[in-house]
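Here are my notes on the model you sent round, arranged as numbered points. Please read them alongside the sequence and the coordinates.

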Amino acid sequence: MSREIRLSCGDARLRISSAGAEARGWSVGGRELLWPGDPAIWDEISPILYPVVGWTRDGARVEGRHYALGLHGFARKCEFAIEREDVDFVRLSLTDNETTRAVYPFAFRLAVEYRLTENTLGIALEIENPGDRAAPYACGLHPGFRWPFADGRREGARIRFEREERAEAPTIAPGGLIGKSMRAIPLAGREMPLTDNLFANDAVCLIEPASRSLRFEQSDGSAIEMDFRGFAHAALWTRPGAPFLCLEAWTGYSDPEGFAGELSDKPSMRMLAPGQSARHEAVYSFDVGAQGRVGNAAR
């Protein structure tokens, strides 16, 4: 049976479900930041992606055999064990079993850690290979945040990158695959306005961007920042008109259009040797903005 874990630090609160090790609610000073989920729009909130990120082309191929490994893998559908739980920290874990080996024939141990401070949420993924052969993997974070969040407006929101980025992103081919061509995105230097039209053709995938952090800013100056130094890639996604925006951190991405190789040969997959482990961490920070700080002082 699934269990809800509650963390706190000062005025910050975090709720995590042992089902999928998914963060289900994050608030700072009473401001709810994570979107609550809606089956009519998108029924997930903050799924953990493993052992692939994105889509595979008709499943995965391992040593010539086909495996029905679907979108973003299976971790988000599994029940995790709680290894350690403190007031502001929790570590949950999942190990391979008969069900996972039917779609991903490798031994693994996946741990998900959440650490809460008064204005930050740190999330770490730790992968171990306890098996006797090398294991390919990709992992990622997919939290959806309210748009607008806090007291802001949906209009006038933007992404501000740490560094200047290319004003283009890969097209998304049928089946969610990474297309062979690029599309223009409305990026001027480090700023990109957020509009529904930006997501008309699915996610904005930032493959190996120069930035290691980005800010989701509203017109009132409030912001949610994602520091993704532990991941190679980032993505932004919503459904046009939906009241959320996902700030995603990835080690891998969908199969390229036309790819028909082995899972271990898929671009962006990482390999863990027997006995090896890897750790990937991102930190999300909430900034109430100057206007919010003035309002708080007035109260």
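1. A specific pairing makes a convenient place to begin: Leu141 stands opposite Ala249 in β23. The model is a predicted one, and this pair belongs to the contact between strand β13 (residues 140-141) and β23, which pair in the antiparallel sense over 2 bridges.

2. Strand β23 has further partners. Strand β14 (residues 144-146) runs antiparallel to β23 and is joined to it by 3 bridges, and within this pairing Arg146 has Phe244 as its bridge partner in β23. Strand β22 (residues 233-237) is likewise antiparallel to β23, with 5 bridges joining the two, and here the bridge partner of Ala234 in β23 is Ala249. Ala249 therefore deserves a look in the viewer, since it is buried and, as noted above, also stands opposite Leu141.

3. The connection between β22 and β23 is a hairpin that leaves 6 residues between the two strands, and Gly241 in the turn has a positive phi of about 90 degrees.

4. Is strand β23 (residues 244-250) mostly covered or mostly open? The strand is mostly covered, as 7 of its 7 residues are buried. Its side chains divide into two sets, with Phe244, Cys246, Glu248 and Trp250 pointing one way and Leu245, Leu247 and Ala249 pointing the other way, and the residues of both sets are buried. Glu248 is thus among the buried residues of the strand.

5. Elsewhere, 9 strands form an open sheet with antiparallel pairing, in the order β8-β9-β10-β11-β25-β21-β20-β15-β18. The edges are taken by β8 (81-85) and β18 (191-193), each of which has a single partner strand, so that one side of each is left without a neighbour in the sheet. From one strand to the next the twist averages 15 degrees.

6. Within that sheet, strand β10 (residues 109-116) and strand β11 (residues 120-128) run antiparallel and are joined by 8 bridges, and Glu113 stands opposite Ala124 in β11.

7. Ser93, found in strand β9 (residues 89-95), can be described at the level of side chains. Its relative accessible area is 10%, and because buried means under 20%, Ser93 counts as buried. The side chain of Ser93 makes a polar contact with the side chain of Glu83 at 3.0 Å. Leaving aside neighbours within four places in sequence, Ser93 is in contact with Phe80, Ala81, Glu83, Arg109, Leu110 and Ala111.

8. A further open sheet is made by 4 strands in the order β1-β2-β3-β4, again with antiparallel pairing. Its edge strands are β1 (4-9) and β4 (31-32), each pairing on one side only. The antiparallel pairing of β1 with strand β2 (residues 12-17) comprises 6 bridges, and the bridge partner of Glu4 in β2 is Ser17.

9. For the chain as a whole, the secondary structure comes to 2 helices and 25 strands. A compact globule with 299 residues would have a radius of gyration near 19 Å, and the value for the chain, 19 Å, agrees with this. The C-alpha trace spans about 65 × 45 × 35 Å along its principal axes.

10. Buried residues make up 53% of the 299 residues in the chain. Of the contacts with a separation of 6 or more, 64% are between residues 24 or more positions apart. The chain exposes about 12800 Å², of which carbon and sulfur atoms supply 47%.

Key: Residues numbered from 1 in each chain as written. Predicted model: local features only at pLDDT ≥ 70, side-chain atom pairs only at ≥ 80, totals over all residues. Heavy atoms only, no water. Pairing = 2+ DSSP bridges. Axes fitted to C-alpha atoms, helices over the stretch in contact; angles between N-to-C directions. Buried < 20%, exposed > 50% of the residue type's maximum accessible area, 1.4 Å probe, protein only. Polar contact = N/O pair within 3.5 Å; in protein donor to acceptor, adjacent residues only side chain to side chain. Contact = heavy atoms within 4.5 Å. Rg over C-alpha atoms; globule rule 2.2 N^0.38 Å. Areas by Shrake-Rupley, 256 points an atom, 1.4 Å probe, with all protein chains shown as cover.
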